[in-house]
Each structure stands twice: as structure tokens, then as C-alpha cells.
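User: I'm new to this structure and would like a close look at one part of it. Could you walk me through the stretch of helices and loops around the salt bridges?

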Amino acid sequence: MSTPSSPKREEPKKRAAEEPEGAPPAKKDAVDIVRSKAGGAYIPPAKLRMMQEQIGDKNSKQFQRMNWKLIKKKIHGPVNKVNVGNLVSIVRELLQINIIRAKGVLARAIIQAQAFSPTFSHVYAALVAVINSKFPSIGQLLLTRLIVQFKRAFHFNNKIIAITMAKFIAHLVNQQVAHEIIALQILIVLLENPTADSIEVAVSFLKECGAKLTDVSPKGLTSVFDRLRTILSEADIDSRVQYMIEAIFHIRKDKFRAYPALIEDLDLIDEEDQVTHIVSLEESHDPENSLNVFKFDPDFEANEANYDEVRKQVIGSGGETSSEEEDGEQGSGDEDEDEEADQKLAETAQTQTIIDNTEQHMVAFRRKVFLTIQSSLDFQEAAHKLLKNHYKTGLKRELCYMVVDCCAQERTYNRFFGLLAERFCRLKKEFQESFESSFRETYEIIHRFDITKLRNVVRLYSHLLATDAISWTVLSGVKMSEDNMTSAGRVFVKMMFQELTTAWGVAKLLQRISNSTMQEAFEGLFPRDNPKNTRFAINFYTLIGLGGLTVDLREHLKKVKKREMKLLKQRWAQVSHRDA
């Protein structure tokens, strides 16, 4: 039974009939990787710039889209690495790109960076203050978005986001980017119908901007604390919130000394250059989220040229502000004097040797080793990370001591440290000698260790001995006698031999102890110099359940007794012969 052919199958035949013979096959439409979703694939910045240079028409949509991607990458990098020391250089780096066109991206990047690191809110606020002094529209956009996010978090009872946004707004008030009226409005909203979360947000907000409100609006701050005093006396709140309110009263009594409004390094804007925005919390605000996405600009080249002129006015063509250039012209004579003084200082610095006794480099090295160990999945990864560094003289020894210290600080013994120390000992003789010296020094101060640290250290060294990673001659410093052994030393020896017995067994351990080449190592642990010390060692090992290790000592003690009895008989014979 034949079936009628579908029209879909007939279409290719019709197209083939319509095409002339010998014509090249039709090419598929090329996919524009820039316009596709997420760029289609990751494009390295260098390749993106090369593709951008190949486009001749700068007003084309493709060129502008590539330029937009480059701007986004150039914004996120500097914003994420800003700190107190490099703030000015970061601002100069950001001003090299058209931040007026990408102000939505810049505002979002700063808000996200502050949300991830709320402790650096004062730094991000200073960054916004510097940019706001030259481009007020960016500061107003960022402040508007912060208020919108705070209102949304307050509406949905999201305490964490509310505290983060409130902290950023508080530091913007300190930098005079936002007017103090917005701070008072936030406090009124939080304390109007107080809850435990709203009071916590209000207290954290007051800590950040209380010093500034004390100067610019003392009456408003007084009314806020009156409201807190009423809540403390009348409202039914838990003890945690009461403690927070009492703490903020103590901070106010101390005049907010622990929470200054501005630190000296972040006070960068003169009062006449500051632009303060008055934004009300009660009004509805448009966050202008459309500025976060790419839009085609028909006047792209003209706008870029206008921004270049603005940028030159702000930072100058040579990377310096125009005010700095004027000051340089006026003080050329002072600069010559400063250069001569710098030359003299340089000459004296060459003849002086500075010795750093603070050991800051050692503290930084130990911190780096600790973080490397904690971030490693296994001992092999940790050893690879630690060994790829080039250590100065003495730091290799400190590295071994740091491994022992990290092991001692654990709650229970972690086999990770034993394997790591074994790997170091097998790689270099220097590491082995360092662990051997650490064994001797640790045993000398073992009485200072608590029982947890002592157990961890003993198991670490027992692992190194059982695997022959360190020499057994380190045991020569342990003297088994009633006079020399402390209680901590006896616990150390007991745990060590119990660990070795668990790893090897009594027979193999006895074989190692009886080895003639190892007598120097066990001379102190199995003493034969004095019968008193020999009896003490036999009683000690028998008491901890390892009496099988004292077979040779018992035979030695029997021989000593026979020798003493023989000498005693000889003396009695000599005395009796004299008497006769």
C-alpha cells in the first residue's frame, strides 16, 4: 500500500530543481559569537581586542558589543581588588574607561563587592565618594539602588541583606555622598515597630554612622536613643537584644571612639568638591536596571570623544589632575629642594643596614604554611604546594617545625601530618635533620604540653620512626632512670612504644632493639650502666604491658647479680683468710 509523499520531503527536490546546474552549494548563515547567548563561548580578552580591531566601522553594533564586554571586564577587576592603599590608583584605572556609559555595571559591581566583603564598606564608600565628586549621576544611581535593595530586604525580613545595605548607606553618609536625613529615616522605620531583627539592624547602622550623626544632627540622634531607651524599658525583648541596646549606649557614651566616621587615609575629597544627594526613603525609586545591559548607541564615536575630553579635564593627559599640575608649576623650586633631600637620603640609605627584629616575615611565612596545609585535600597536594616555593636560609627548618605545630594543635591526631612529614624526610636530607632536631627539642620541653598535644606529637614521631623516615639515633637523648625521667617523659615513652608495637608488633620491635648496630640509640632507653636504672626500666616496660622487650635486660641483670655474688664471696674468703 503506497503512501502519499509528505510536502516536507518534496521541498528539497523543488529547491534542487530551481537551482541552476554548477552553482556552488548555499552556505549556512554564520553565527555571530558576540551576539549569541553568553558570547557562545569564552573569548580571551586579547582575542576580543583583536576582533575589535578588525572591525572597521566603530559605530557598528558588533564593535560596540565587544567594547561593552571589555568595559565590563575592566570594571570588575579593579573593583574587586580595591583597598586603602591602592584606592587612588584604582580610581585612575576606572576613569580610563567610559564609566558614564557603563555606570549601571559599575554601580552593580561595587554593590556586589561590598555585599561579599561588608568589612570593607568604608573603602567602597570612599571609592564612590571620589567618583561621585566628578560624576554625581553615578553616586545617585548607586545610592538609589542601595535604598531599593534595603527596602526590599526590610519588606521580606531578610536581616543579612538589610544589615549589609544599611552599613554601606551609613558609610556613604559618613562620606557625605548621602544626606543625613536618609539615615534618620532608616532609623525611624526600623524602630517604629521594633522586632529583634529590626533592632539589630538599627544598632549595627548606628555603630557605623553614629559619630557622623553626632556632629551633623545631634537632636535627631538624641531622639533615636530616646526611642531605644523606651524600647529597653517597656518592650518585651529577649536578653540578647537588651545587651545590644546597652552596648550601643556604652558606645555613645564613649563618643563612638571605636567607630570613627572617617579614617585619615580615606578622607580624600575636599568639602567644596563633595556632592551630597538628598534621597527620601518614602518615595518610589527607579533602580534603572536597563543600564546593566548593552544598548546600541548611534552616536558612539561622538560620546566617546566627549568622555575623553571630560577624562582629560579630570585626571589630565599625563595621568595627573589639573590641580596637581598647577601646584607643580607653582612649587618648582620646592621640588628641586625635595630632589636634593631625596638624593641625600638615598646616599645615607646605601651605607646603612636595616635589621628587622620584629620577625614579621616569619609570622607571614607561618601563616602562609598554615593556610596552604588547611586548603589542601591530601598530603601529596600539600607537599607539592609547599615544596614549589624557594625558601630562604632557615625557612626549611621552620617549615618542619610548623608541620609539627599544626599537628599538635589538632583535637585528635590526623594521619595527614605524619604522611606529610614522611614525604618531606624522604625528599631531602635537610628536612630529615630538621625533624630529628625538632624531636630532641620537643622531648626537652614535653612537660609543657597538655595531654592532647603530647598524644598528637608522639603519634607523629612514632609514625616517622616506624617508617624509618628519621634516624632511630634521636632516641639516644632519652634516659630511662628514676632521677632523669619526668611524668610527661614517661607518658611520652609509653605512648611511643605502644604506637610502635601497634605498627610493627612486639617481635619485630624486639628484633630492632636487639640489633647490634642500634645499641647506641637504645642505650638510654634500656640502660645497663647501673642495676638500679636497669630494674627501673624493667619495671616500667612490664607495667605498660611490654615486658617482652626486657628479655635482654633481665638476662643482663642476672649476670650482674652472679658477678656481684662472686665478688662478694671472694671478699668474704679474703677476710676469713686474714682472720685465720
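Analyst: Here is a walk along that stretch, from one helix to the next.

A quick note before we start: this is a predicted model, where local features need pLDDT of at least 70, side-chain atom pairs count only at pLDDT 80 or more, and totals for chains, interfaces and linings use all residues. Residues are numbered from 1 along each chain as its sequence is written, and side-chain values use heavy atoms, with hydrogens and water left out.

Let's begin with α8 (159-174) and the loop that leads from there to α9, where Q176 sits. (Helices are DSSP runs of H or I with at least four residues, numbered from the N terminus.) Phi of Q176 is near 60°, a positive value in a residue other than glycine. Most residues other than glycine have a negative phi. Q176 is partly exposed, at 27% relative accessible area; buried means under 20%, exposed over 50%, and partly exposed in between, with a 1.4 Å probe and protein chains only.

Next come helix α9 (residues 180-192) and helix α10 (residues 196-216), whose axes come within 10 Å and cross at roughly 150°. (Axes are lines fitted to C-alpha atoms, for helices over the stretch in contact, with angles from 0 to 180 degrees between N-to-C directions.) That makes α9 roughly antiparallel to α10, a label for angles over 145 degrees.

Now for the charged pairs. A salt bridge here is a side-chain nitrogen of Lys or Arg within 4 Å of a carboxyl oxygen of Asp or Glu, and by this rule the count comes to 13. One of them joins the side chains of K159 and E200, at 3.1 Å from N to O. This pair links distant parts of the chain, with K159 in helix α8 and E200 in helix α10, 41 residues apart. K159 is partly exposed at 27%, while E200 is buried at 16%.

Further along, R229 bridges to D226 with the closest N and O atoms 3.0 Å apart. Both belong to helix α11 (residues 218-234), and they are separated by about one helical turn because they lie three residues apart.

Our last stop is the loop between α12 (239-253) and α13 (300-315), home to F256. Phi of F256 is also positive, near 55°, but F256 is buried, at 3% relative accessibility. R257 and D254 form a salt bridge too, at 3.9 Å from N to O. R257 is exposed at 64%, and D254 is partly exposed at 37%. Finally, salt bridges that share partners join K159, E200 and R240 into one network.

How values were computed. Helices (H or I, at least four residues) and strands (E, at least two) are DSSP runs, numbered from the N terminus. Angles under 35 degrees count as roughly parallel, over 145 as roughly antiparallel, 65 to 115 as roughly perpendicular and the rest as oblique.
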